[in-house]
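Visitor: I would like a quick tour of this model. Please keep the answers short and give the reasoning.

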Amino acid sequence: MTTMKRGESSDDCLPKFFKVYLPGESGDDLELPASLNSYLPKHLPRTVTVSCISGKNWTLALRKCSVDKYVLVNGWKRIVKDECLTGGEFIEFEFDGFKCFNFCIYEGDTMCKRLGRNSVDSEEIKEESDDDVIVIDSDDDVDYDIADDIEYVEDDDDDDDEAVDDDDVRQYLDDCNNPFFTMKLNPKKKSQLHIPSQVIRDYGLNFSESITVVDPLAKKFGTLENAIKIQVNGSVFVKKFGSVIRRNNVKLTDKLVCELKKTGNSPVHTIKVSIING
């Protein structure tokens, strides 16, 4: 069953449709509902991006198979496998009108939106994916025996003609008294977010096994729950941070403002990420 809807608010102005995942009827192609046809561009792109709110992206071909039938081909099975879809789960798709289909999954037993990776592949959290993006400060205390794939990116405001000073950055904070730091992307290596040890020392921060990540898309797609890795030397990393980078389409020229939130002496429970376009 598929339905289309258009809402009044800016969040709901894009065309949407639902699919129910039925393993026995699912092949490697995904047929689009006919009600979506009027929203497709006149000149079809050869490929489109299919993106989950978990941050994973796939590239599929878009084909017109008949007068009113359009299909995403060669890749749906991979999406099913990567997102561990099970029978009866609902998938909500949103089309940007050009070449991107964003989707989220509603789990069949609870009908709650799945905000992060399925627990089935929780073992994968021990090893970073090559698709993640490293965002890391210039501290010199990284344990290379554990994180020898890490390269640094310094937020070198001194050499930046368009530098953003602390007063400008603080406008992005929910509470100006909260600890925060700024970061840029490393184009050479992909991995995880490093929380600067200087910030940890200055504010006496401590961390549990996971942290809630609130990014600019959290209101629309929900927050993310990411694992924390604490190295033997005390360095702290937010794993799988590439999902935040991908779903927000962060560019190399952009700056990330990371605000850390905690209650009293408890561990840091939330990191709010704001993006300053460069």
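Visitor: Does D82 count as buried, partly exposed or exposed, and at what relative accessibility?
Guide: This is a predicted model, and its accessibilities are computed. Buried means under 20% relative accessible area. D82 has a relative accessibility of 15%, so D82 counts as buried.

Visitor: Which side chain meets D82 in a salt bridge?
Guide: D82 lies in helix 1, residues 76-82. Its partner lies in helix 1 too, four residues apart, about one turn of the helix. The N to O distance is 3.1 Å, and the partner is R78.

Visitor: Is R78 buried, partly exposed or exposed?
Guide: Partly exposed covers the range between the 20% and 50% limits. R78 has a relative accessible area of 46%, so R78 is partly exposed.

Visitor: How many salt bridges are there by this rule?
Guide: Side chains of opposite charge can pair when their charged atoms come close. The cut-off here is 4 Å from nitrogen to carboxyl oxygen. By this rule the count comes to nine.

Visitor: How many residues apart are E31 and K69?
Guide: The two form a salt bridge, with the closest N and O atoms 3.9 Å apart. E31 sits in strand 2 (residues 30-31) and K69 in strand 5 (residues 69-73). The pair links distant parts of the chain, and the separation is 38 residues.

Visitor: Are E31 and K69 buried, partly exposed or exposed?
Guide: E31 has 41% relative accessibility, so E31 counts as partly exposed. K69 has a relative accessible area of 31%, so K69 is also partly exposed.

Visitor: Which parts of the chain does the R114 and E89 pair tie together?
Guide: R114 forms a salt bridge with E89, the closest N and O atoms being 2.8 Å apart. The parts are 25 residues apart in sequence. R114 lies in the loop between strand 7 (100-106) and helix 2 (166-170), and E89 in the loop between helix 1 and strand 6 (90-95).

Visitor: Are R114 and E89 buried or exposed?
Guide: The limit for buried is under 20% relative accessible area. R114 and E89 are both buried.

Visitor: In what order do the strands of the seven-strand open sheet run?
Guide: The pairing in this sheet is mixed. Its edge strands are strand 1 (16-20) and strand 2, each pairing on one side only. The order is 1-6-7-3-4-5-2.

Visitor: Which residue of strand 4 stands opposite T47?
Guide: Strand 3 and strand 4 run antiparallel. Five bridges join them. Opposite T47 stands A61.

Visitor: In which sense does strand 10 pair with strand 14, and in which with strand 11?
Guide: With strand 14 (residues 268-276), strand 10 (residues 207-214) pairs over four bridges, and T212 stands opposite T270. With strand 11 (residues 224-230), strand 10 also pairs over four bridges, and S210 stands opposite A227. The sense is parallel with strand 14 and antiparallel with strand 11.

Visitor: Which element gives the most to the largest nonpolar core?
Guide: This core has 28 residues, and L32, V50, L72, F93, F101 and F103 touch the most other members. Two or more residues come from each of strand 3 (47-52), strand 4 (57-66), strand 5, helix 1, strand 6 and strand 7. The top giver, with five residues, is strand 7.

Visitor: Leaving aside neighbours within four places in sequence, which residues is L32 in contact with?
Guide: Contact here means heavy atoms within 4.5 Å. L32 is in contact with F17, L40, L62, Y70, L72 and F101.

Visitor: How many residues are in the second, separate core?
Guide: Its members include L193, L205, I245 and V268. The count is 26 residues.

Visitor: How far is the sulfur of C104 from the closest cysteine sulfur?
Guide: C104 counts as buried, at 2% relative accessibility. The closest cysteine sulfur is in C52 and is too far for a bond, since the cut-off for a disulfide is 2.5 Å. The structure holds zero disulfides. The distance is 7.7 Å.

Visitor: What share of the chain counts as buried?
Guide: The chain has five helices and 14 strands. Of its 278 residues, the buried share is 47%.

Key: Residues are numbered from 1 along each chain as its sequence is written. This is a predicted model: local features need pLDDT of at least 70, side-chain atom pairs count only at pLDDT 80 or more; totals for chains, interfaces and linings use all residues. Side-chain values use heavy atoms; hydrogens and water are left out. Buried means under 20% relative accessible area, exposed over 50%, partly exposed in between (1.4 Å probe, protein chains only). Two strands pair if DSSP finds at least two bridges between them. A nonpolar core is a set of buried Ala, Val, Leu, Ile, Met, Phe, Trp, Tyr and Cys residues joined through side-chain atoms within 4.5 Å.
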